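Grab your viewer and work through these short exercises. Each one has a solution to check yourself against.

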Amino acid sequence: MRQRWFRLAGALAIAASPALALALDGITDRPDDFLSSFAGSSSSTDLDVLAATVLYDPGADLFQLSSTLAGAVGTTDSALYVWGVNRGAGTAAFAADGIDGVRFDRVVLLRADGSGSVGGVGDLAAGSVTVSGNTITALVPGSMLVSTGFDKRDYTWNLWPRDTSFAGFAAISDFAPDNANFTTTIGVVPEPGTVAMMLAGLLLLGGQARRSASRGPKAPRHEYRHTNAPVRVRWLR
Ligand SMILES: [Ca+2]
Ligand SMILES: [Ca+2]
């Protein structure tokens with residue numbers, strides 16, 4: 001019984017792995033690498049990027065922007081997560097500040113309260129931005145990020161958090177990657193509840209497997225009564 005549950009759990013994990021593997025692409029960024037020009041506090045660990053990923057689903061024309069920070073998102077009330085995207089006409093708008101490798105022609109702005117917008121286009125639909133611990137994820141329709149020359153599969157990205165208590169370049173805590181853009185990952189964006197349901201299913205199976213294991217020692221007692229049954233039958237005859 002226990003082996004069967006483990007096989008089922010393994011099969012579910014394998015079924016879930018393509019979407020999860022795609023979501024793990026992207027870039028990592030060094031911890032504790034606040035810009036020397038950052039005017040905010042180094043204790044704002046939710047402004048220190050550790051990983052960033054953009055998944056594009058051509059069938060749904062949908063981008064999923066995901067990032068992991070060093071601290072719990074929401075620690076800094078004035079945090080703003082800025083995703084710069086180069087759709088083909090990007091320029092190095094921070095070149096005067098020594099950052100000449102980050103190119104963008106549109107920004108997506110995300111806040112820890114779950115709101116978000118695309119600069120110059122409009123607000124993201126309610127429920128598009130989700131925060132969970134150290135991660136903040138947004139779903140952005142491709143229609144809000146129309147091409148300026150690149151195919152959407154070839155858009156490139158950078159993530160820089162800001163502490164909006166400060167103005168200008170001094171508000172920027174970190175660039176991810178440091179002085180470059182990273183590429184889009186192509187794949188199917190999972191439905192918001194799908195991954196959570198799969199994880200919940202695996203937890204349930206794990207619990208059942210543990211309960212089965214804990215019932216293990218009772219099996220020999222049942223077997224003992226069964227093997228004694230023929231003796232009692234002969235006595236009754
Ligand atoms: Ca960092
Ligand atoms: Ca960095």
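**Exercise 1.** In E5, which residue is the bridge partner of tyrosine 81?

*Solution.* Keep in mind that this is a predicted model. Start with the strands: E4 covers residues 79–86 and pairs with E5 in the antiparallel sense, over 5 bridges. Then read off the partner of tyrosine 81, which is leucine 110.

**Exercise 2.** Follow the chain on from E5 and work out how E5 and E6 are arranged.

*Solution.* Step one: E6 (residues 116–118) and E5 are antiparallel too, with 3 bridges. Step two: pick a pair, and you'll find valine 108 bridged to valine 118 in E6. Step three: look at the connection, where 5 residues sit between the two strands of this hairpin. Glycine 114, in the turn, has a positive phi of about 90°.

**Exercise 3.** Sort the side chains of E5 (residues 106–110) by face, and say which are buried.

*Solution.* Side chains in a regular strand alternate between the two sheet faces. Here, Arg106, Val108 and Leu110 point to one face and are buried. Val107 and Leu109 point to the other face and aren't buried.

**Exercise 4.** Which residues have the most contacts inside the largest nonpolar core?

*Solution.* That core has 39 residues, and the best-connected ones include Val108, Ala138 and Trp83. Next, ask who supplies it: E5 and E9 (135–141) are among the strands giving at least two residues each, while E2 gives the largest share, 6 residues. Finally, zoom in on alanine 138: leaving out residues up to four places away in sequence, it touches Val108 and Leu110, among others.

Technical notes
Residues are numbered from 1 along each chain as its sequence is written. Chains are lettered from A and ligands numbered from 1 in the order in which they are written. This is a predicted model: local features need pLDDT of at least 70, side-chain atom pairs count only at pLDDT 80 or more; totals for chains, interfaces and linings use all residues. A residue is buried if 20 or more other C-beta atoms lie within 10 Å of its own, exposed if 12 or fewer, and partly exposed in between; C-beta atoms are placed from the backbone. Helices (H or I, at least four residues) and strands (E, at least two) are DSSP runs, numbered from the N terminus. Two strands pair if DSSP finds at least two bridges between them. A nonpolar core is a set of buried Ala, Val, Leu, Ile, Met, Phe, Trp, Tyr and Cys residues joined through C-beta atoms within 7 Å. Two residues are in contact if their C-beta atoms, placed from the backbone, lie within 7 Å.
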